[in-house]
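Reader: Hello! I am new to this structure and would love a close look at one part of it. Could you walk me through the sheet, and then show me a few residues outside it?

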Amino acid sequence: MELTKLIVRTKRKTTKRLGRGSGSGWGKTSGRGNKGAGSRSGKVLPYVGFNGGNIPFLRKIPKRGFVSHFEEYQVTNLSAIVRKMKDAKEIDPLALKMAHLIKDDKKPVKILAHTQDAFTLKATFKADSFSAKAKELIEKAGGTIECLKR
């Protein structure tokens, strides 16, 4: 097989020839149905979400917004911290942002304990929340934990 001998085989799509007699399958009403606005010339397509005369979905849903009352944490794992910040003495949201482990240092940060190998980083960790396993691993390695009140 050579690249110069490859042939792309696609079906040729012919256009519908409307209004060419009943034998063509597209005669009489030419695929427009019998009566109504859709059968007339100059018909205007209805807007997106038009529901055939019923109340459209967008008019049914409530119009007053929704506010989640749960804090949405930016999470990062101990394994990622060790990989990117192995010689840091203090790990806070700004340092995590500079290491590209979180996106926004103003939003709450949670540190999780997902790590395969033994955790040995001795540092001061400042975050809004820690998982129980992460607290245990940090304290066992000789590090300290400070919970930020934001």
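**A close look at the sheet and some residues beyond it**

Author: Happy to! A good place to begin is I91, which stands opposite F125 in strand 4. Please keep in mind that this is a predicted model.

That pair of residues belongs to the meeting of two strands. Strand 2 and strand 4, the latter made of residues 124–127, pair in the parallel sense over 2 bridges. In general, strands of a sheet pair through backbone hydrogen bonds, either parallel or antiparallel.

Now let us step back to the whole sheet. It is an open sheet formed by 3 strands in the order 2-4-6, and the pairing is parallel. Strand 2 (90–91) and strand 6 (144–147) stand at the edges; each has a single partner strand, so one side of each is left without a neighbour in the sheet.

Next comes E71, a residue in a loop. You will find E71 in the loop between helix 1 (57–60) and strand 1 (74–77). E71 counts as exposed because its relative accessibility is 51%, and the cut-off for exposed is over 50%. What does E71 touch, leaving aside its neighbours within four places in sequence? The answer is P108 and R150, both in contact with E71. E71 and K107 are 36 residues apart in sequence, while their C-alpha atoms are 9.1 Å apart in space. There is also a link to Y73: the side chains of E71 and Y73 are joined by a polar contact of 3.4 Å.

Let us move on to the segment before helix 1, where both K28 and S30 are found. Their backbone angles deserve a look. In general, most residues other than glycine have a negative phi. K28, however, has a positive phi of about 50° although it is not a glycine. S30 is likewise a residue other than glycine with a positive phi, near 55°. Are these residues buried or exposed? K28 is exposed, with a relative accessible area of 79%, whereas S30 is buried, with a relative accessible area of 18%. S30 counts as buried because the cut-off for that word is under 20%.

The segment before helix 1 also holds L6. Together with M1 and L3, L6 makes a nonpolar surface patch of about 460 Å².

Notes. Residues are numbered from 1 along each chain as its sequence is written. This is a predicted model: local features need pLDDT of at least 70, side-chain atom pairs count only at pLDDT 80 or more; totals for chains, interfaces and linings use all residues. Side-chain values use heavy atoms; hydrogens and water are left out. Helices (H or I, at least four residues) and strands (E, at least two) are DSSP runs, numbered from the N terminus. Buried means under 20% relative accessible area, exposed over 50%, partly exposed in between (1.4 Å probe, protein chains only). Contact means heavy atoms within 4.5 Å. A polar contact is a pair of N or O atoms within 3.5 Å; within protein, one must be able to donate a hydrogen and the other to accept it, and residues adjacent in sequence count only if both atoms are side-chain atoms. Two strands pair if DSSP finds at least two bridges between them. Patches are made of residues with over 30% relative accessible area and no salt bridge: like charges are joined within 9 Å, nonpolar side chains (Val, Leu, Ile, Met, Phe, Trp, Tyr) within 5 Å. Accessible areas come from the Shrake-Rupley method with a 1.4 Å probe; for residues, only the protein chains shown count as cover. A salt bridge is a side-chain nitrogen of Lys or Arg within 4 Å of a carboxyl oxygen of Asp or Glu.
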